[in-house]
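User: I have a structure open and don't know my way around. Can you take me through some basics?

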Amino acid sequence: MRFLLTFLLLMAVAVPAAELKFKDTDRVLIFGASNIWFGAYRPYGMAELFRQGLTAAGCKAAVLATGHPGEGTITFVNGRLEKAMDWAKPTWLLLTAGGNDAAMSFRKTNGYTPEIFEPNMIRLIEMAHARGVKVALITGTAGVEDAEAIAREDANAEILRKIAREKKLPLIDLYARLRAELAAHPEQPLHIDKIHLNGIGYRIFAEEMLKWAGVSESTIAAQRPGWNKIPSMTLYLNNAHVPTDLVSADDYGVIHREAVKRGVTVEAYVRQILQDKISELRKY
């Protein structure tokens, strides 16, 4: 017994906890387009959840986020990122792009073509490195507009993976996680309007960043009950700029389970509840 206790104590000493990526003095800037913009200030956005997760892990690094709705890498390289870094003074840049580049390249608007995405991303990385800022890449937010749009986003996510490999940069493959979740649970939307993330989508975003940062799964799991109580989910396709009728993920789960039992989407189930109520009121 004494030998066993000694062995267990030695094992505890020999296996240290995972080291966090950030020091308390680090300033972490999350930069991108509209999903970052909305996620920067909403209480259920990835920035606030990331900050809470780091704090729970004992890390006091500053978390900042800014994004530019409707914009892509052309404007990013022509002043947007520089201004963001002037403001945030980061030691780390968590950089994501690709969705708007893909859309504008398809529409051939604002000078975008498929060929410019990779060199522009490399230029953004170089701009950060020139300031001594460490860079991690984040793949996109996996919109679900249509098959063609998904194919274009697939291609840009693969370009980010390629850049990360060649430049030996950390990669947070959010896109892969979101696509896997959508494939496993097609009845569970992760977007408010097919493009912009809802509360569950932002929770996954924060979780992927926290895992990469070295925060333990047990610490992340301890945060979820609180996160799931924040009004963050819509029961039907909504306006991403000013979403209405938000419910918590917990309350959404109640409706979701009933919808699954009936083999319909949450939106279809909510509409049926409304129609049934109207029919009931007509009787009076």
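User: How much area does the protein expose, and what share do carbon and sulfur atoms supply?

Analyst: The protein exposes about 14,600 Å², and carbon and sulfur atoms supply 59% of that. Accessible areas come from the Shrake-Rupley method with a 1.4 Å probe; for residues, only the protein chains shown count as cover. This is a predicted model: local features need pLDDT of at least 70, side-chain atom pairs count only at pLDDT 80 or more, and totals for chains, interfaces and linings use all residues. Residues are numbered from 1 along each chain as its sequence is written, and side-chain values use heavy atoms, with hydrogens and water left out.

User: What percentage of the residues is buried?

Analyst: Of the 284 residues, 47% are buried, meaning under 20% relative accessible area (exposed is over 50%, partly exposed in between; 1.4 Å probe, protein chains only).

User: Glu-207, then: buried or exposed?

Analyst: Glu-207 is buried, with a relative accessible area of 1%.

User: Which residues is it in contact with?

Analyst: Leaving aside neighbours within four places in sequence, Glu-207 is in contact with Arg-177, Ile-220, Arg-224 and Trp-227. Contact means heavy atoms within 4.5 Å.

User: New topic. Where is Lys-283?

Analyst: Lys-283 sits in the segment after helix H12 (266–282); helices (H or I, at least four residues) and strands (E, at least two) are DSSP runs, numbered from the N terminus. Lys-283 is exposed, at 73% relative accessible area.

User: How far apart are Lys-283 and Ile-36?

Analyst: They are 247 residues apart in sequence and 48 Å apart in space, C-alpha to C-alpha.
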